[in-house]
Each structure stands twice: as structure tokens, then as C-alpha cells.
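Trainee: I'd like a close look at the charged pairs in this one, and how they sit in the fold. Could you walk me through them?

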Amino acid sequence: MAINLGKMNAYPFQISSMAEYNEAYQKAKENPEAFWADVAAHFQWIKPWESVVESDFASARFAWFNGGQLNITINALDRHAHTKPDALALVWEANDPKEASRRFNYAELLQHVERTAGMLRRLGVKKGDTVGIYLPMVPELVFSVLACARIGAIHSVVFGGFSAQALADRLNDASCKLVVTADEAFRGSKTIPLKDIVDQALLLCPSVERVLVFPRTGAEVPMAKGRDLNWVEAWSNKGNETLGYPETMEAEDPLFSLYTSGSTGKPKGVVHTTAGYMVWTTYTFVNAFQYQPGDVYFCTADIGWITGHSYIVYGPLLAGATTLMFEGLPNWPDSNRWWELIEKHGVNIFYTAPTALRSLMAENKQGPEAFALNSLKTLGSVGEPINSEAWHWFKDAVGKGRCALTDTWWQTETGGIMIAALAGISPEFPTYAGLPMPGIVPVLMDSEGNLLAAAEAEGNLCLEKPWPGMLRTVFGDHERLRQTYFSAYPGYYFTGDGCLRSKEGMHRITGRVDDVLNVSGHRLGTAELENALNFHPSVSESAVVGFPHPIKGQGICAYVVADLAGQTRFETKRELLDLVSKIIGPIARPDLLVFVPGLPKTRSGKIMRRILRKIAEEQSEALGDVSTLLDPEVVKAIQKAFVQAKEDR
Ligand code: WT7
């Protein structure tokens, strides 16, 4: 196969002034075909596309660059390895500051991905197979993700903080054939027994045939004969080298599936496809962060979440950037770790989450004062609304008042950044994500489905047009995609977020309007949490709501109707917290557990969550009308139990 490895022009689609933004925005809105064809022309195609975009909101079918053929790794690796082999692609920093960094230039990264791809092929992984990846933040995670993309296998990365049960659910849903994991993960001063968790999960996963185990900590772990293989041994096989060639992929072939929580119980496998995702992550990376060739870019997310997929791996590498990947925690060995990393590697663009900023502020507000952080020029925030205090601290203490700050709103489903200031170009307002990216047409709706036409408005955020990076389906359940995102407001994509629009057209995301919580930037469905609690034999019913939390953004408050059966409240509480950790993971442990005699229900049996939310928010005076409840008296008992639960802590 002949691949033309031409040079990617220095981002002709990069916007560099407000006038250019306005022009791009208008063109993308009025003539998306021409606009996106221009952008897509700067990538390497094996065969050009036939149509730019096909969309049908009613059936929730969308296609971008249909008829085109490509391999995303040719664009992320081969192209740069050809034109600038010595440029740094990936820099890795270990959990322990005493452990040496690892660095890979584009030629080396390509070679490592080729060998990994060859290893997977040799182990029988084929185009269209799904591969589960449950690894710590080590370079082998990047190799594995890109190796899957190279051979056309669909990667399904599972965040290392999920439990065996949650891992099993995800591996089963995607029918993964092979799992890549490690013996253990380092996490600050602790280790997490990843292989042990995989072993437990695999008791429930008949589809998994092979397990590759990367030795990260060197712990002795049991290896199942015929199933488990040591990564180092398998990787060093000479046969891998010749098997690392890129598969020819259709534009709409699935690239990966990534699970995320919704308002119903079961997490959804959000599926992104090849060409549109490639175009969208590159376009948004280059524009939102105003990346310039040579910049060192550091995103603190975990590759187990979409931020890591789009803005540690794909976006930066597609743009030919240097991406810094960090295995550890912001506050270990102490809370200056990130500032040290920024200085050590000369980071220019730093992308992180409000929850981390708030916890660093709480631990050591003066921390950044001791660091000049001269290299920084752009700061980015993602994952949840950024409160004013965190915004100003980020801008002033970290950015020393001289960096652009972009607050980027997007979702697992959107593939990439949707509403954000283009760093240093479009206006910045604390707590506002700002203006939409070209191609994105946000609208606000009231709950009856009326479009809010006034410039200044608050409502449910919907999107009017398809965009290249949008999710294409829910793994194995297309109807669920249609139901979840395209049925509430026919003809629109419904985000699940509330939004305030200023008269200047700036957008401020106010948080989820559905039963989804955002806890320390982690998305959790209340139904998922309730299902876990209801597994306990003494629990007959439960209801979970969020409440404002100074560090986590939202805390989890669980109301539980339980028959303590001779146990103390404390014993049952401990069991329930452990149960949630076991079924979902430690990230889902409720902050408050309230034992209540009953839940506030209407005569038709619907739980009035509004009341539970108000109590959890400690705004009992604002409960509103409770007269439609079957038993209005239960409210007082819940309020009393809430006070008790706070005292118990
Ligand atoms: C939800 C999506 C985007 C990658 C990380 C989270 C919230 C995300 C912002 C922001 C206010 C934000 C929304 C969204 N969210 N970014 N800049 N300002 N809220 O991805 O896990 O799919 O969660 O996170 O509520 O719907 P996710």
C-alpha cells in the first residue's frame, strides 16, 4: 500500500484572531461540507471520502467522510516520524519523582506502536475485535491504544479506579477478546493490585481469551497457563516487527468504545469512529489551546477517561505535539508535584480539572509562589463547572496573571471540545466556557421543548447540527443512543446539561439536569449507585442525590431504607460503603449515608428527588410544596435522619 507521507502544513485551519473565528464560525454553520472538507484535506487519506456529512436525527444515524479510507495512526505517527523523526512525541513522568522519565521521539513512538501492534496481531487480535485495556498511566498504555487503532481493533479502556465487577461489566458488554493489564499500579505511596482485579473480573468474562500483563511494580502475580502472558516476553518476540503495518480502515469504522454513566442503571459504551474523531480532536486541540509547533503540552487527566483519549493521546499526537503523561498524583510526595513537573519539562500548555485545583488550593494555596512557571502560556480547565475562586487562583497563582485560560466544555459523547475560549483569542469570563467551536450550534430549550430565542436565556443545552467528533452509537444498542440523546428534543442532540447564555452569547454550563452526578470530575449515574446499594440484603429501597461539595464539586448523598436486623447503623453503613466500592469502585463511595424510614413518594409512586436534593443541600426551608406526597410526614423523619447522619460522621 502506498501512503503519501506529505507534510502537514502548519495547521492552515488554525484560527488566530477574532475576525478569523467569526469567519470560520459562519462558514462552518452555513456550508459545513466545504468547511470540513478543507480541514480534512490536511490529513493523510488512503482513499479520499465521497461525502463529507450524512445525517438523520430521527434515526440517529450520522456519517462523516463516508467512503474515505485511512488509518488514524498514520496521521498520528508515520506522518510525523517521516517529517520530524527526532521531535519528542511522548514524555512520561513516573509516580515516584526519583524514577527516571521516559522519552519517545516520533520515530521511536512509531516503532513501539508497530511492535505492540505486531504483538497483538500475533496473539490473534483482528480488525473489528475489541480489546480491553486496564493499565496504569504508563507509556505501554499509549502503545496499546495506538496499536489497536493500527490494526483496526476497537479499544475499550477501563479506568484503573473501577472495581472487578465494573471491569467485568465493561469487558462483557464489549465482548473483549484480550485484556491488557499490569501486575500492579503505583498510586502515590500505595499500590493497586490490577492483575488481581482482572483475575476476579475474568471469572465473569467468558469472551476473554488472553491477558497481557505488563510488569510495572514487579510484584509476583499468578499467571494462568495458556491465558496470561508477560508483556515483556511477548513484546520482545522478533516476529512482531514485521506485523506492525497499519490496517486500511473505513472512515466510519469504530475506533474505540468508552463507558460512561447515564441516568439509567447500566453504563453505556460510547462509540467513536475513525475519520470524524481524528479531524475533530486535531481541530479542537490546535484551536482551543492555540498549540504552536514545539510546544510542550501537559494534560493531567487519566487515559481511562475521554479527556485522556482525546487530549493526551489522539489530539496532541495528530497535531505532532509533545505530550507529557504523568503516572502519579498531584499531591504526592507533596502538593508541589505538578509545579515541579511544569518546570522540569518546560510545559507551555497545561490542561487540568477544577476539582484538582480546589484540592491543591485547600492543601497549599501558596504552593505555586515558589515556582516561576515561566514556560506556561496557556491554561485549560475541563470536566465540571469551574467556580470563580478556582478560576482566579488558576489564572493568577499558577498562570501568574500572564497566561490565557480556556474553560472547555464537552462530554465523552462529543469526542472533543465544544464550547471554549480559543486561548488568548476569544473573550475569557470566569465561570463561562464562552463561545462555541466552529461547527457547533448550541441552542437552549425549556422543559416543554420550546427554543429559547432571547439572547439572554437559561435552559437545557442542545446542539442543532452534527459535528465530526460526535458519538455514532452506543455499543450494541443503537436504540439507546436515539432514546438518550435524540428523543427529548426531536431534531437536536440533548446534552443533559443546563446552561446560561449571556446577552453577548457566552455560555455558562450550570451542571447536569438529569440524574447524573459529577463527583471530582467523575461522572456517575444515581441509578447505578442505587442499584449497588440495593444489593445489600437489608436494603429495600434507596435514592441517591448530589449536593455541593467544596472540593469534589458534588458529593454523593444516599438515602437508604434498611432493616438493620440487629446491626448498628455504623456496621450497616460500613458494609454499604464497601459494597459500593466493590460494585463500582472507590470513586463512587457516598459521602453521606442517611438511614430513612421511607422515601418521599407521590401517589403514583414516583420519588420526589427535589425534596431529597434540598435536604442534602441543607436548604430545608426551600422544600416547596410537599402536599402531593403520599405521606407528607415522612419529610420530617428524613430531615431528622439527615441531621443524625451528619452527626455520625
Ligand atoms: C459532563 C461530561 C469533557 C471531558 C471530561 C468529562 C461536565 C465537562 C465542563 C466544563 C462545566 C463541564 C458536564 C458534561 N463538564 N466539562 N468545562 N464546565 N461542566 O466528560 O465524563 O463525559 O462528563 O461533564 O456536565 O455533561 P464526561
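Trainee: Which residues are linked in a network of salt bridges?

Mentor: That network is made of K195, D199, R227 and D228. Keep in mind that this is a predicted model. The general idea is simple: side chains of opposite charge can pair when their charged atoms come close. Here the count comes to 37 salt bridges, so let's pick out a few with a 4 Å limit between nitrogen and oxygen in mind.

Start with E50 and K47, whose side chains meet at 3.3 Å, N to O. E50 counts as exposed because its relative accessibility is 63%, and the cut-off for that label is over 50%. K47 has 32%, so K47 is partly exposed.

Now take K344 and E93, a salt bridge with the closest N and O atoms 3.1 Å apart. K344 belongs to helix α11 (residues 337–345) and E93 to strand β4 (residues 88–93), so this pair ties together parts that are 251 residues apart in sequence. The two ends sit in different surroundings: E93 is buried at 2% relative accessibility, whereas K344, at 46%, is partly exposed.

D253 and K127 also form a salt bridge, with 4.0 Å between the closest N and O atoms. D253 is in the loop between β13 (249–250) and β14, while K127 is in the loop between α4 (106–122) and β6, so the pair ties together parts that are 126 residues apart in sequence. With a relative accessible area of 18%, D253 is buried; K127, at 39%, is partly exposed.

Those loops bring us to helix α6, since β6 and β14 turn up among its neighbours too. The buried residues of α6 (residues 164–173) are A164, A166, L167, A168, R170 and L171. They pack against β6 (130–134) and β14 (254–260), and also against β8 (178–182), α7 (194–202), α15 (526–534) and α16 (569–583). Just after α6 comes S175, which has a positive phi, near 45°.

Charged residues also show up around the ligand: the shell holds five of them, alongside six nonpolar and six polar ones. Of the 17 residues there, D407, T408, T412, D497 and R523 come nearest. For one polar example, a side-chain atom of N518 lies 3.5 Å from an oxygen atom of the ligand. Overall, the protein buries 96% of the 550 Å² that the ligand exposes when taken alone.

Methods:
Residues are numbered from 1 along each chain as its sequence is written. This is a predicted model: local features need pLDDT of at least 70, side-chain atom pairs count only at pLDDT 80 or more; totals for chains, interfaces and linings use all residues. Side-chain values use heavy atoms; hydrogens and water are left out. A residue is near a molecule or strand if one of its heavy atoms lies within 4 Å of it. A polar contact is a pair of N or O atoms within 3.5 Å; within protein, one must be able to donate a hydrogen and the other to accept it, and residues adjacent in sequence count only if both atoms are side-chain atoms. Accessible areas come from the Shrake-Rupley method with a 1.4 Å probe; for residues, only the protein chains shown count as cover. Ala, Val, Leu, Ile, Met, Phe, Trp, Tyr, Cys and Pro count as nonpolar, Asp, Glu, Lys and Arg as charged, and the others, Gly among them, as polar. Buried means under 20% relative accessible area, exposed over 50%, partly exposed in between (1.4 Å probe, protein chains only). Helices (H or I, at least four residues) and strands (E, at least two) are DSSP runs, numbered from the N terminus. Contact means heavy atoms within 4.5 Å.
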